Amino acid sequence: MAKKRPQTKAKPQITDGEIPVVGAREPCPCGSGRRYKACHGRAAAHAVTELVHRPFEGLAGECDWVALRELVPAATAELTLKDGLPEGVPSVTLATVLPMAWPALRRDDGSILLGLQNDTASGDISRDLADTLVRALEAEPGTPVQGRRAPAEGPRLQDLLVADAPFEPVVHSGFEFWVPDAENAAPDVAASLERANAAAIPTAKLSGVDAAYWCETPEKNHLRWVMPHPEEQLLDALARLHAAGRSSLGEGTRLVGSFRAHGLTVPVWDLPSGMSAEDVEKPAAEFAERLAAALATAEPLTPDERRARGGLTNRQVTLS
């Protein structure tokens with residue numbers, strides 16, 4: 001007589017949202033019989049590695065977020081949380097760079113510094129920063145927060161921050177904002193500050209136009225201006241102005257190309273070494289008016305404008 005096979009109970013169905021993360025080579029908790037990395041782990045891995053081209057889209061001051069991430073050495077900006085500040089957290093401040101390249105720091109008084117210019121483990125900077133912020137809110141005062149890969153289902157900055165709250169970067173001449181009392185800092189801290197300050201390029205934010213940053217280098221100065229316009233439309237407009245001889249910011253200045261960073265375009269001008277941030281305020285405001293008119297033009301580019309556009313495109317560098 002053939003033996004009866006033991007009856008097995010049907011496993012309860014698990015929805016995708018309930019499947020926990022396990023080791024890549026372990027059986028998938030969904031019951032498929034396959035390893036996790038070949039089943040639901042594949043989608044999870046894709047979710048955390050897929051590149052988000054505009055990670056700061058939807059946040060107030062997107063252009064300034066990009067500038068602080070890629071262009072500005074020392075700056076801070078206060079952040080406004082949707083749920084308000086938890087008890088014991090007097091403030092949350094975005095900072096370009098933190099000591100030891102920490103992703104975040106919960107200071108002794110409970111306030112939080114969130115570092116922006118850090119390597120991220122996934123393809124979504126917004127998700128990585130949000131994960132760091134959540135962990136900083138739970139950290140003990142006086143401790144840094146270490147980096148890690150954010151969970152694929154974790155929140156993004158857009159989920160945690162008030163989208164239309166003012167985003168007002170403050171550019172600093174050095175990194176004294178790292179410590180509450182820089183003048184009386186310990187010798188090792190003072191030495192670290194001195195090294196960081198020596199490496200920082202003098203930078204200033206223009207007040208008359210949005211997201212434009214002047215910087216000083218030994219040979220010449222520059223203006224780097226993060227713009228929100230669609231790239232193709234912006235390049236057409238810049239080409240029209242360049243072909244007409246109206247793309248400069250005054251005598252001795254020159255539009256030399258652009259960066260591409262986090263889905264936005266950043267035109268760059270060379271400036272004479274003696275031209276300060278204050279000197280470029282009025283020419284930049286006048287250029288903004290010329291650019292607005294060029295952006296509103298719908299006619300096809302002329303041969304000269306197409307050549308100018310090709311030159312600008314050839315001098316474009318992708319930062320991220």
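**A walk through the cores and helix α6**

The accessible surface of the chain in this predicted model comes to about 17,500 Å², of which 52% belongs to carbon and sulfur atoms.

Me: What share of the 320 residues in the chain is buried?
Reply: Happy to start there. The secondary structure comes to 8 helices and 12 strands. Counting a residue as buried when its relative accessible area is under 20%, the buried share of the 320 residues is 43%.

Me: How many residues does the largest nonpolar core have, and which domains does it draw on?
Reply: The residues with the most contacts inside this core include Phe 56, Trp 65 and Val 226. Elements that each supply at least two of its residues include α2 (62-70), β4 (112-115) and β10 (254-261). The core has 39 residues, with at least three from each of domain 1 (62-199) and domain 2 (203-318).

Me: Which residues does Leu 79 touch, leaving out those up to four places away in sequence?
Reply: Good one to look at on screen. Leu 79 is among the residues with the most contacts inside the largest nonpolar core. With contact taken as heavy atoms within 4.5 Å, Leu 79 touches Trp 65, Val 92, Leu 94, Leu 114, Leu 161 and Phe 167.

Me: Which elements do the buried residues of α6 pack against?
Reply: Helix α6 (residues 231-243) has 13 residues and reaches 18 Å from its first C-alpha to its last. Its buried residues include Leu 234, Ala 237, Leu 238 and Arg 240, and Ala 237 also belongs to another core, of 26 residues. The buried residues of α6 pack against β10, β11, α7 (277-295), α8 (303-314) and β12 (316-318).

How values were computed. Residues are numbered from 1 along each chain as its sequence is written. This is a predicted model: local features need pLDDT of at least 70, side-chain atom pairs count only at pLDDT 80 or more; totals for chains, interfaces and linings use all residues. Side-chain values use heavy atoms; hydrogens and water are left out. Helices (H or I, at least four residues) and strands (E, at least two) are DSSP runs, numbered from the N terminus. Buried means under 20% relative accessible area, exposed over 50%, partly exposed in between (1.4 Å probe, protein chains only). Accessible areas come from the Shrake-Rupley method with a 1.4 Å probe; for residues, only the protein chains shown count as cover. A nonpolar core is a set of buried Ala, Val, Leu, Ile, Met, Phe, Trp, Tyr and Cys residues joined through side-chain atoms within 4.5 Å. Domain bounds come from an automatic or database domain assignment. The expected span of a helix is 1.5 Å times one less than its number of residues.
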